[in-house]
Amino acid sequence: MMADEDVRDQPTEPEGGLTFGERITGHGAVEEDRHQYHATDLNLIGDENDEAWSIRCLDVRKRLGGVNVLDGLNVAFPEDTITVVLGPSGTGKSVLIKHIIGLMFPDAGDVVVKGQVVKQLTMPELLALRRKIGVLFQDGALFGSMNVFDNVAFPLRQHTDMTEADIAKRVRDRLTDVGLADAMGDLPSQLSGGMRKRAGFARALVMEPDIVIFDEPDSGLDPVRTALLCDLIQEMHQIHRGTYIVVTHNIASARQIGEYIALLWRGRIVEAGDAAHMFASENPFVRQFLSGSAEGPLTMD
Ligand SMILES: Nc1ncnc2c1ncn2[C@@H]1O[C@H](COP(=O)(O)OP(=O)(O)O)[C@@H](O)[C@H]1O
Ligand SMILES: [Mg+2]
């Protein structure tokens, strides 16, 4: 996915005393600058009816607690690809996930998942859509009173009429995939943080979802365990395919598994594209964020 050269060739030097944030959210003359970074102009929202895009967010706005958390978000997630949504804390990543799974609805704009406009769905349609989406929440979100097996079996018992024997086989297969075959009888409290995440991952996969979403899978893990979890995500994607979305502020994770990367900041996409494109970006914000540098337009405010 290439950016429009004309757009990228424009000068990117900061203008007299303005921070990058002021430049992309400012008014008057600097307003033009904003568009330089906006995904709409880079045509990264996908074409309607193009099945290469599994999820599309079209000018999504969501105001929460007096703040425009999603502020004209335009982004699309490619089919059969691991996309990393990268962005600093508090920038709207979890809110974006909630919009994709229909736990929140936009004030304006549309979220289109597998061709369906989420806010237009009836409750039964929405529940059916959610069954096609596996989500791994930050801490695994396991039921504390159920052992690992029952946690992973839960969605199957809830949403399918599979026999217990078929359920047992499916659960055992997924737990074997994530290296937890020996921990099936353990309670979540008996597991390490990394094991809880893997159990959550097995549960996210058990319904054979088209879309799998990971909210900060690397939070609370040391760099080695983070790298191992990223390996596992990649392996599972190789086997099961589908649209994987990994939300993180961890650049190392993005580098390791991101095939497509969308950089979110203050409720908008700064830039999105193939990993190679993003790591070669000339956008000063993208360069700064992907290099983890203190130097650049991104400031603490
Ligand atoms: N339900 C809510 N009510 C009010 N504010 C919210 C709510 N959910 C999120 N926010 C605010 O929206 C912003 C983005 O939150 P979030 O998406 O959780 O950030 P992150 O990128 O770290 O996942 C934060 O400022 C957060 O406080
Ligand atoms: Mg979050």
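Start by selecting helix H4, residues 93-100: this helix lies across S1, S2 and S4 and runs at about 120° to S1. Keep in mind throughout that the model is predicted.

Next, show the strands beneath that selection together with S5. They form an open sheet of 4 strands, in the order S2-S1-S4-S5, and the pairing is antiparallel. At the edges stand strand S2 (67-78) and strand S5 (116-117); each has a single partner strand, so one side of each is left without a neighbour in the sheet.

Move inward to strand S1, residues 53-64, and strand S4, residues 108-113. The two run antiparallel and are joined by 5 bridges. Which residue in S4 stands opposite Cys57? Select Val111 to see the position facing Cys57.

Now zoom out to the whole chain. It has 12 helices and 10 strands. Of its 301 residues, 42% count as buried. Take the contacts between residues at least 6 apart in sequence: 65% of these join residues at least 24 apart.

Then go to the nonpolar interior. In soluble globular proteins, nonpolar side chains tend to be buried together. Here the largest nonpolar core has 70 residues. Select Val152, Ala202, Ile213, Val246, Ile261 and Leu263, the members that touch the most other members of this core.

Finish at Ala202. Leaving aside residues up to four places away in sequence, what does Ala202 touch? Its contacts are Val152, Arg174, Leu175, Asp177, Val178 and Leu180. Of these, Val152 is also on the list of core members that touch the most others.

Methods. Residues are numbered from 1 along each chain as its sequence is written. Chains are lettered from A and ligands numbered from 1 in the order in which they are written. This is a predicted model: local features need pLDDT of at least 70, side-chain atom pairs count only at pLDDT 80 or more; totals for chains, interfaces and linings use all residues. A residue is buried if 20 or more other C-beta atoms lie within 10 Å of its own, exposed if 12 or fewer, and partly exposed in between; C-beta atoms are placed from the backbone. Two residues are in contact if their C-beta atoms, placed from the backbone, lie within 7 Å. Two strands pair if DSSP finds at least two bridges between them. Axes are lines fitted to C-alpha atoms, for helices over the stretch in contact, and angles run from 0 to 180 degrees between N-to-C directions. A nonpolar core is a set of buried Ala, Val, Leu, Ile, Met, Phe, Trp, Tyr and Cys residues joined through C-beta atoms within 7 Å.
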